[in-house]
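Colleague: I would like to go through this model with you slowly, asking each time what lies behind the words we use. Could you put it up so that we both look at the same picture?

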Amino acid sequence: MERMSVARLVEGRDDGVAVEELMEVIEAVGGYGAFRRTQKKECLNLVRKLTLLTPLLEEVRDGETASLGGRELRSLGSLKKALLSAKKLLKYCNYGSKIWLALETEAIMCRFHSVYDKLSQALEDLPCEEMGISVEVVEQVELLRTQLKRAKRRTDTQDIELAMDMMVLFSKRDHDASADSAILERLASKLGLRTLAELKAETLAVRKLLKERNGHNSESTQRTVHILGEFKRIAGLESPNALDLPAQSKSFQRCPSLIIPDEFLCPITLEIMTDPVIVATGQTYERESIQKWLDANHRTCPKTGQVLAHVSLAPNYAIRNLILQWCEANSYELPKREACVVSDSTTTELKQEISSLVQGLSTCHIDGKRKAISKLRKLSKENPENRVVIANCGGIPPLVKHLSHPESKIQEETVTALLNLSINEANKRLIGAEGAIPGIIKILQTGTTPEARENSAAALFSLSMLDENKEMIGSAKGVPPLVALLKHGSPRGKKDAATALFNLSLSQANKSRAVRAGIIPPLLRILKDKSLNMVDEALSILLLLASHPEGLREMGTLPFIENLVAIIRDGTPKNKECATSLLLALGLNNSSLTLAALQYGVYDHLMEIRSSGTNRAQRKASSLLQHMSNCEHIP
């Protein structure tokens with residue numbers, strides 16, 4: 001179809017139809033509205049730019065010229081190709097895998113830049129005067145070309161918080177597992193992959209991605225599949241294979257000739273229900289599957305997304321009877337499942353046990369307090385359900401009070417319990433609101449054991465995922481003791497402090513606090529101490545602080561630039577990627593640093609990275625080489 005349209009353009013026939021096709025492309029991209037978070041701003045900007053072409057195309061369509069000449073038609077053909085490239089990219093950002101798009105943010109930006117180039121070139125070749133375009137529309141076209149060039153020059157728009165979260169997840173270091181769970185919770189929320197419907201749509205998108213790539217098992221595709229599996233796990237939808245989609249139930253496999261009525265299938269598993277129950281929204285689910293959903297701390301209806309007014313489950317006897325009648329009429333044997341009475345009984349016993357432990361926190365006997373706090377710490381570590389039950393039983397306020405207990409062992413057990421509880425998003429807010437942050441900072445400063453100080457740092461990291469807690473931690477002077485732990489802590493303590501400081505430094509106010517607290521010298525020492533295996537973490541924090549004037553001044557020394565060049569030369573692929581990103585950020589702010597890097601021989605190493613580095617490193621190296629080329633021409 002497209003080849004025929006181009007032929008019509010070249011032959012000069014049916015100009016109106018050709019222009020209408022271009023207008024249809026613009027109209028189609030305007031209908032996309034579910035752009036992924038990581039590219040949403042860029043997508044909306046491109047859509048707005050494309051709509052500026054409408055007056056031009058309307059004038060061509062409605063013009064008095066009966067037929068356009070060959071040059072004009074070829075120009076319109078080039079414009080059509082550019083528009084189709086834009087449409088393809090916007091469609092991908094609307095329907096593609098959210099995880100893949102987050103991992104490949106910079107590659108997607110390169111595709112946007114390619115589209116800008118094609119559109120700009122097509123508009124430059126357009127003979128507006130010969131086509132009889134009005135002066136006003138010509139001015140609008142020139143304005144659009146200027147905007148496209150400006151967009152092409154725009155620097156990296158990567159979401160640094162997402163990038164750091166991804167980096168922590170895939171680093172090989174021995175960090176706290178609680179931090180991983182907390183990061184996964186945050187990523188799932190930021191990418192909009194929390195509900196059953198969202199996870200099903202993402203699974204389909206990932207499967208389509210793998211099919212399009214013909215099974216090419218790149219690092220990014222492996223990571224995409226891994227993160228999808230982790231999101232399913234924290235949502236209570238564990239599966240041996242992350243790409244499994246419950247689109248074909250076991251019931252269908254056992255009896256392929258039967259078509260089971262949709263109303264008999266559980267919306268979660270898509271298997272025939274043996275124990276259907278009704279939730280607060282009136283939707284019906286298999287008891288076992290909806291109970292798993294609720295036990296994973298979800299309080300929404302998986303099918304409708306509505307918040308549940310309560311979590312009681314009522315048997316749906318009407319559907320149950322209809323299913324039994326259908327099974328009898330079709331000689332179909334229902335699969336046998338274990339009843340969930342034991343689970344309900346266990347939940348009741350757990351609530352009673354936790355209520356008793358919470359009451360034990362108020363006892364005057366020190367042994368009773370120790371045992372209650374220790375048991376709550378262990379329970380809060382085991383699973384998400386326990387964290388919810390402990391909070392619902394009122395366990396957080398008395399735990400917060402015990403942060404100031406004179407006995408150091410109780411302090412350590414308490415801060416660890418609060419760390420475990422803070423993995424739950426709602427608990428983060430509650431712990432902060434109860435005034436726990438000053439107490440946690442105090443233990444970070446004065447804790448008598450490394451474990452107490454390390455778990456305090458990890459707790460601050462977890463709590464700082466909420467913006468309001470970032471500010472509270474900074475205002476409560478939590479940054480200096482974290483910097484002190486980064487300087488003098490154990491290897492584990494340094495890693496916990498670095499993770500917390502990265503998260504806090506996403507706030508502009510905390511960047512200043514970190515620089516004033518002396519964060520840069522210990523980060524520079526960490527870069528030289530390869531035994532810590534923290535080069536990527538240190539570089540990522542430095543990349544954040546490079547936007548701070550004082551931070552930029554402290555990093556802008558020849559020994560540091562020489563060290564960066566050494567990492568670019570000898571580091572791991574990930575080290576080289578992070579060091580190249582940081583050198584680019586420094587060089588864009590201070591061209592003399594770029595020239596210094598050239599003096600230390602970085603050019604050849606960048607050329608090597610551009611041809612054989614990671615995807616992101618190749619793009620950064622190309623940008624840095626281009627910047628160096630510009631710097632060399634500065635008089």
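Colleague: Why is T594 called buried or exposed, whichever of the two applies?

Modeller: Please keep in mind that this is a predicted model. T594 has a relative accessible area of 1%, and since buried means under 20%, T594 is called buried. The residue is found in helix α33, which covers residues 591–599, and, leaving aside neighbours within four places in sequence, T594 is in contact with G587, H627, M628 and C631.

Colleague: What makes T224 count as buried or exposed?

Modeller: The relative accessibility of T224 is 1%, and because the cut-off for buried is under 20%, T224 counts as buried. T224 sits in helix α12, residues 219–234, and, when residues up to four places away in sequence are not counted, it touches S97, I99, W100, L103 and V206.

Colleague: How do you know whether R377 is buried or exposed?

Modeller: R377 has a relative accessible area of 18%, and as buried means under 20%, the conclusion is that R377 is buried.

Colleague: Which residues does R377 touch, apart from those up to four places away in sequence?

Modeller: R377, which lies in helix α17 (residues 366–382), touches E413, T416, A417 and N420. Take T416 as one of them: R377 and T416 are 39 residues apart in sequence, yet their C-alpha atoms are 6.6 Å apart in space.

Colleague: What share of the residues in the chain is buried?

Modeller: Of the 635 residues in the chain, 51% are buried, and the secondary structure comes to 35 helices and three strands. Among contacts between residues at least 6 apart in sequence, 69% join residues at least 24 apart.

Colleague: Then let us turn to the loops. What is the phi of K477, and is that residue buried or exposed?

Modeller: K477 has a positive phi of about 60° although it is not a glycine. Most residues other than glycine have a negative phi. The place of K477 is the loop between α24 (467–475) and α25 (479–488), and, with a relative accessible area of 62% against a cut-off of over 50% for exposed, K477 is called exposed.

Colleague: Why is N533 called partly exposed?

Modeller: The relative accessible area of N533 is 46%, and because partly exposed covers values between the cut-off of under 20% for buried and that of over 50% for exposed, N533 is called partly exposed. N533 also has a positive phi, of about 55°, without being a glycine, and it is placed in the loop between α28 (520–528) and α29 (535–545).

Colleague: How do you know where the buried residues of α34 lie around its axis?

Modeller: In helix α34, residues 602–612, the buried residues include V602, H605, L606 and I609. They cover an arc of only 100° around the axis, so they are on the same side of α34. On the other side of α34, D604, S611 and S612 are exposed.

Colleague: What is the order of the strands in the sheet, and which strands stand at the edges?

Modeller: The three strands form an open sheet in the order β2-β1-β3, with antiparallel pairing. Strands β2 (284–286) and β3 (314–315) each have a single partner strand, so one side of each is left without a neighbour in the sheet, and that is why they stand at the edges.

Colleague: What makes β1 and β2 a pair?

Modeller: Two strands pair if there are at least two bridges between them, and β1 (residues 276–278) and β2 have three bridges in the antiparallel sense, so the condition for a pair is met. One of the bridge partners to look for is E286 in β2, which is matched with P276. Helix α14 (residues 287–295) lies across β1, β2 and β3 and runs at about 95° to β2.

Colleague: How do helices α22 and α23 pack?

Modeller: Helix α22 (residues 436–446) and helix α23 (residues 450–463) pack at an angle of about 145°, and their axes are 8 Å apart. Among the residues that make the contact are I437, I440 and L444 of α22 and S456, L460 and L463 of α23. The buried residues of α22 pack against further helices too, including α19 (396–401), α20 (408–421) and α21 (425–433).

Key. Residues are numbered from 1 along each chain as its sequence is written. This is a predicted model: local features need pLDDT of at least 70, side-chain atom pairs count only at pLDDT 80 or more; totals for chains, interfaces and linings use all residues. Side-chain values use heavy atoms; hydrogens and water are left out. Helices (H or I, at least four residues) and strands (E, at least two) are DSSP runs, numbered from the N terminus. Buried means under 20% relative accessible area, exposed over 50%, partly exposed in between (1.4 Å probe, protein chains only). Contact means heavy atoms within 4.5 Å. The arc is that of the directions from the helix axis to the C-beta atoms. Axes are lines fitted to C-alpha atoms, for helices over the stretch in contact, and angles run from 0 to 180 degrees between N-to-C directions.
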